[in-house]
Amino acid sequence: MTDMSYLDGNMLDGPLRELFAVDLSAATGRCESCGTVGPMAGLHVFSHAPGLIGRCPACSEVMLRLVRAPDRAWLDLRGSTYLQVPLPMDQPYPPPL
Ligand SMILES: [Zn+2]
């Protein structure tokens, strides 16, 4: 990695909102490489790649890749052990069938 400039993870909200109906900036992710747990908004996002690359702020490993085409998108979360998404308490769980 020669170019160390990156954007704040908050900029992922718009592109990811297209895929998910919840605010993912408040979601928590765990880095598969170093185990760091933190908000997705804390990722270091590199936009000068084929798509968006989100790197762990602690170890710089890739936790998220998002590529957008005119009619589809690819979301690759390899590098993230999990993504924890807060949901409003007023939604029934489990959802009714
Ligand atoms: Zn890490």
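Select glycine 29 and leucine 83: the two residues stand opposite each other, with leucine 83 in β8. Two strands count as paired if DSSP finds at least two bridges between them, and strands here are DSSP runs of E of at least two residues, helices runs of H or I of at least four, both numbered from the N terminus. β2 is joined to strand β8 (residues 80-84) by four bridges, and the two run antiparallel.

Before going on, note that the model is predicted: local features need pLDDT of at least 70 and side-chain atom pairs count only at pLDDT 80 or more, while totals for chains, interfaces and linings use all residues. Residues are numbered from 1 along each chain as its sequence is written, and side-chain values use heavy atoms, with hydrogens and water left out.

**Strand β2 and its other partner**

Show the side chains of β2. Gly29 and Cys31 point to one face and are buried, whereas Thr28 and Arg30 point to the other face and are not buried. Buried means under 20% relative accessible area, exposed means over 50%, and partly exposed lies in between (1.4 Å probe, protein chains only). In a regular strand the side chains alternate between the two faces of the sheet.

Now add β3, which pairs with β2 in the antiparallel sense over three bridges. Select arginine 30 and find its bridge partner in β3, valine 37. The hairpin of β2 and β3 has five residues between the strands, and glycine 35 takes a positive phi near 85° there.

**The zinc ion**

Select the zinc ion next. Which residues coordinate the zinc ion? Cys31, Cys34, Cys56 and Cys59 do, each through SG, at 2.3 to 2.4 Å. Donors are N, O and S atoms within 2.8 Å of the metal (3.2 Å for Na, K and Ca); water is not among the atoms, so sites may look incomplete. The angles among the four donor atoms are 104 to 113°, and the site is tetrahedral, a label that four donors receive if all angles lie between 85 and 135 degrees. In sequence, the donor residues are spaced C-x2-C-x21-C-x2-C.

Keep cysteine 34 and cysteine 59 selected. Cysteine 34 lies in the loop between β2 (28-31) and β3 (37-39), and cysteine 59 in the loop between β5 and β6 (62-69), so the pair ties together parts that are 25 residues apart in sequence. Cysteine 34 is partly exposed at 37% relative accessibility, and cysteine 59 is partly exposed at 27%.

**The five-stranded sheet**

Switch to a cartoon view and select β1, β4, β5, β6 and β7. These strands form an open sheet in the order β1-β4-β5-β6-β7, with antiparallel pairing. β1 (7-8) and β7 (72-76) stand at the edges with a single partner strand each, so one side of each is left without a neighbour in the sheet.

At the β1 end, β1 and β4 pair in the antiparallel sense over two bridges. Leucine 7 has valine 45 in β4 as its bridge partner. Valine 45 also stands opposite glycine 54 in β5.

Strand β4 (residues 44-49) and strand β5 (residues 51-55) are antiparallel, paired over four bridges. They form a hairpin with one residue between them. Histidine 44 has arginine 55 in β5 as its bridge partner.

**Phenylalanine 46 and its surroundings**

Select phenylalanine 46, then arginine 55, which lies over the face of phenylalanine 46 at 5.9 Å from the ring centre. A charge sits over a ring if NZ of Lys or CZ of Arg is within 6 Å of the ring centre and within 35 degrees of the ring normal.

Next, look for aromatic pairs. Rings of Phe, Tyr and Trp (its six-membered ring) pair if their centres lie within 6.5 Å; planes under 30 degrees apart count as stacked, over 60 as edge-to-face and the rest as tilted. The count comes to one aromatic pair. Tyrosine 6 and phenylalanine 46 form this tilted pair, at 5.9 Å centre to centre and with 55° between the planes. Tyrosine 6 is in the segment before β1 and phenylalanine 46 in strand β4, 40 residues apart, and the pair links these distant parts of the chain. Tyrosine 6 is partly exposed at 42% relative accessibility, whereas phenylalanine 46 is buried at 7%.

**The helix**

Finish at aspartate 13, in helix α1 (residues 13-17). Aspartate 13 counts as buried at 18% relative accessibility. Leaving aside residues up to four places away in sequence, aspartate 13 touches Asp23, Leu24 and Ser25, where contact means heavy atoms within 4.5 Å.

Notes. Four donors count as tetrahedral if all angles lie between 85 and 135 degrees; four count as square planar and six as octahedral if opposite donors are over 155 degrees apart and all others between 65 and 115; anything else is irregular.
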